[in-house]
Amino acid sequence: SENFLVERPILQAVQSDEAAVLLIDEIDRADEEFEGYLLELLSDFQVTIPELGTIRAAHPPVVVITSNRTREVHDALKRRCVYAWIDYPDFDKEYRMVTAKVPGASSRLAAQVAAFVQELRGVELYKAAGVSETLDWAAALVTLDRETLDAEVVDQTLGVLLKHREDLEAVRGERLHGVLARALAR
């Protein structure tokens with residue numbers, strides 16, 4: 001019965017008295033069974049609960065789905081979506097993100113962090129650093145009381161930006177000095 005039903009976000013969006021916005025973040029991390037469940041919502045704006053029946057949305061929700069592409073999602077799901085690629089931010093935007101989200105970062109450090117990450121994304125890597133890693137790195141540097149970047153602190157903290165050993169090995173050494181030199185010259 002409905003007494004034992006926990007209304008999670010999908011059911012809440014379907015039962016909303018007004019149009020809702022439903023965010024399904026990182027669908028590529030969900031299992032394929034969830035994708036199948038989601039197909040019903042996206043195609044018919046309804047949810048079927050075997051014990052209770054079908055619940056139809058009076059006001060179809062706007063559904064926003066994100067993916068990091070760690071695995072491919074099913075074609076049937078893709079057909080029900082409008083696809084928009086969001087690229088990495090440019091230097092100015094990433095700099096503003098660092099200054100907004102890492103309040104202890106000086107203007108100079110924020111600029112150097114943003115410039116370094118921008119340059120690092122130009123290196124062929126298994127997984128480029130995302131904005132989340134940029135912010136984590138800036139916060140780590142602030143925690144270490146750093147006001148500027150130098151090769152030693154970059155080498156010591158590079159694991160905050162790069163999460164794969166092969167990427168760390170590919171960047172360390174002369175390549176790291178080159179990336180850092182280009183970033184500091186900006």
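Is phenylalanine 45 buried, partly exposed or exposed at 27% relative accessibility? Select that residue to begin. The model is predicted, and every stop below refers to that model.

**Stop 1: phenylalanine 45**

At 27% relative accessibility, phenylalanine 45 counts as partly exposed, because that class lies between under 20% for buried and over 50% for exposed. The residue sits in the loop that joins H2 to strand S2 (46-49). Look at the backbone too: phi is positive here, about 50°, although the residue is not a glycine.

**Stop 2: glutamate 26**

Now go to the loop between strand S1 (21-24) and helix H2 (32-44), where glutamate 26 lies. Glutamate 26 is another residue other than glycine with a positive phi, near 55°. Its relative accessibility is 28%, so glutamate 26 counts as partly exposed.

**Stop 3: aspartate 75**

Select aspartate 75 next, in helix H3 (residues 75-79). With a relative accessible area of 47%, aspartate 75 is partly exposed. To move on to the next helix, draw a distance from the C-alpha of aspartate 75 to that of glutamine 112: the two atoms are separated by 41 Å, and the residues are 37 apart along the chain.

**Stop 4: helix H5**

Glutamine 112 is one of the buried residues of H5. Select the whole helix, residues 107-120. Its 14 residues reach 20 Å from the first C-alpha to the last, close to the 20 Å expected at 1.5 Å a residue.

How many of the 14 residues of H5 are buried? The count is 11, so the helix is largely enclosed by the rest of the structure. Among them are Leu109, Ala110, Val113, Ala114, Ala115 and Val117. The end of the helix adds Gln118, Glu119 and Leu120 to the buried residues.

To see what covers these buried residues, show helix H4 (91-101), helix H6 (131-143) and helix H7 (151-161). Helix H8 (165-171) and helix H9 (174-185) are also included in the cover.

**Stop 5: aromatic pairs**

The structure holds three aromatic pairs; two are visited here. In the pair of phenylalanine 91 and tyrosine 95, the rings are stacked, 6.1 Å centre to centre with 20° between the planes. These two residues are four apart in helix H4, which means that about one helical turn separates them. Residues three or four places apart in an α-helix point the same way, because there are 3.6 residues a turn. Phenylalanine 91 is partly exposed, with a relative accessible area of 24%, and tyrosine 95 is partly exposed at 23%.

The next pair is phenylalanine 116 with tryptophan 137, and it is tilted: 5.3 Å centre to centre, with 45° between the planes. This pair links distant parts of the chain, since phenylalanine 116 belongs to helix H5 and tryptophan 137 to helix H6, 21 residues apart. Both phenylalanine 116 and tryptophan 137 are buried.

**Stop 6: H7 against H9**

Finish with two of the helices that help to cover H5, namely H7 and H9. At what angle do H7 and H9 pack? The angle is about 115°, and their axes are 10 Å apart. The crossing of H7 and H9 is right-handed. On the H7 side, select Ala151, Val154, Asp155 and Leu158; on the H9 side, select Leu176, His177 and Leu180. By class, this contact between H7 and H9 has five nonpolar residues, one polar and one charged.

Terms used:
Residues numbered from 1 in each chain as written. Predicted model: local features only at pLDDT ≥ 70, side-chain atom pairs only at ≥ 80, totals over all residues. Heavy atoms only, no water. Expected span 1.5 Å × (residues − 1). Buried < 20%, exposed > 50% of the residue type's maximum accessible area, 1.4 Å probe, protein only. Contact = heavy atoms within 4.5 Å. Axes fitted to C-alpha atoms, helices over the stretch in contact; angles between N-to-C directions. Left-handed = near helix turned anticlockwise from the far one by under 90°. Nonpolar A, V, L, I, M, F, W, Y, C, P; charged D, E, K, R; others polar. Phe/Tyr/Trp six-rings, centres within 6.5 Å; stacked < 30°, edge-to-face > 60°.
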